[in-house]
Amino acid sequence: MRVGYQRRLQHDPFEYLEELRRRSSNGILRLPWGGRCVSDAALAHTLLRDPELNGDRSGFFGDLLPTRSAQVDVGHAVRDLLRAHVADYREVLSAEMARLPAVSQWPTTATDLVYRALADLLLHPDTPPQIRHFMDKAVHGGVVFQAPGTWQRARAEILRAKLIAAITEHVGYRRENHAGESRDVLDAVLGACPHNLADRTVAEVFLVMYRSIVAPVSSSLAWSVLLAFSHHTSDCPLPWPADWIVREALRHRPMVWMVGRTFPHPTEFGGIPFQAGEMLSVSPYLLHHDEQGWTDHDVFRPDRWAEPHQRGPYIPFGAGPFTCAGAAVAHVLMTEALIALTSDCRMTVTGGDMRAVMVEGAIPRPFTVHRTVRQVHETERR
Ligand code: HEM
């Protein structure tokens, strides 16, 4: 990539995408770092949903799982596990609120909160402490979000290798001492993976799930807090339900900024010839800021979610046969966290910046949250 492009991408990735769209004439833009991206809503719809282009395995698990049905089984098993334990998640969140300092640094705090609330569901407390220790370290050790520098990345690789080795050994143990019901994400993965899959591969699938849960849920929670409290600055309680805020944050600042499909055979798409193996992406950000589809496309406006017919293309969780298996439960996890944070509390943000940083997706730049418990009057409670 030429240095000029890199700088602009780092400066404001979404603004840069907008600029590339303005320069494109056919709804498919060429990305300066290689590949192309669809900005036209109808083409994006076809690319993500056409059975011809979405017939094989999805790219989400790479080559870890041998068949599409194994991919689906793992996604569903983890989703079901999380769904069954939402009440536990809510309980830990509420305990975490009591520990949250009045002033906290975000998005790190979002990652801590979401991770702590999910830690026992990712790996049950009976798991050997050493493995849980590696998992704790992985959250901020460059395994969940890519570390910024070369040295930190090398350390993250070592940590990742230790975590994988420890989980691999533990997978062997769990296979021999099967407990019956799934108590955590590792059990869910183990139960859904083909029985002949190597212990190490199961450990890697677990790691894919661990990252794919913690990173987008915590980043989207951080965007929700930043956007909501940058737009609502009065002392009154938030004027929008948490559900609308989360939906609108996922629209305005989608954490997953590119969703890709690889052409299985030579194809002409949108008037452009593609070779087998070439990738074409769709940008949720561009579709969510489509002037034709959305009124006030550039404005954070949670109350648009009260107007059912005023919506354009909305794909924060992808679309078509490979749509995110955890979309509904992810939405619940974010909404619950936002409710826990804001109930009976006044929050303000300082230092916020709406430009994203690209680290495993579009995450907010650092900002500070000030949170104080509100005196709730009887009339407000009613
Ligand atoms: C805010 C949180 C989340 C966001 C924004 C998100 C987003 C996405 C996106 C964009 C995809 C690719 C879809 C496509 O290619 O069309 C995906 C795939 C996937 N996600 Fe999520 N995700 C989130 C949370 C979760 C959670 C909590 C789970 C736990 C079950 C999960 C499990 C999966 C799985 C298994 C896939 C692969 C689906 C397949 O190929 O069959 N995600 N996610």
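A polar contact is a pair of N or O atoms within 3.5 Å. That cut-off applies to the ligand stops below; the model is a predicted one.

**Stop 1: the ligand.** Select the ligand and the 28 residues around it. Those that come nearest are Ser 58, Arg 68, Arg 261, Phe 322 and Cys 324.

Show the side chain of Ser 58: one of its polar atoms lies 2.5 Å from an oxygen atom of the ligand, so the pair falls within 3.5 Å and counts as a polar contact. Next, pick Arg 68, where a side-chain N or O atom is 2.8 Å from a ligand oxygen. Then move to Arg 261, which also places an N or O atom of its side chain 2.8 Å from an oxygen atom of the ligand.

**Stop 2: the shell.** Colour the shell by residue class: 18 residues are nonpolar, 7 polar and 3 charged. Now colour by element. At least two shell residues come from each of helix H4 (68-84), helix H10 (199-231), strand S4 (259-262) and helix H13 (327-342). H10 contributes the most, with 6 residues.

**Stop 3: the sheet.** Leave the ligand and select strands S3, S11 and S8, which form an open antiparallel sheet in that order. Strand S3 (103-106) and strand S8 (345-350) are the edge strands, each with a single partner, so one side of each has no neighbour in the sheet. From one strand to the next, the twist averages 25°.

Zoom in on S3 and strand S11 (residues 367-373), an antiparallel pair joined by 4 bridges. To find one of the residue pairs, select Ser 104, whose bridge partner in S11 is Val 369.

Definitions and conventions
Residues numbered from 1 in each chain as written. Predicted model: local features only at pLDDT ≥ 70, side-chain atom pairs only at ≥ 80, totals over all residues. Heavy atoms only, no water. Pairing = 2+ DSSP bridges. Axes fitted to C-alpha atoms, helices over the stretch in contact; angles between N-to-C directions. Near = heavy atom within 4 Å. Polar contact = N/O pair within 3.5 Å; in protein donor to acceptor, adjacent residues only side chain to side chain. Nonpolar A, V, L, I, M, F, W, Y, C, P; charged D, E, K, R; others polar.
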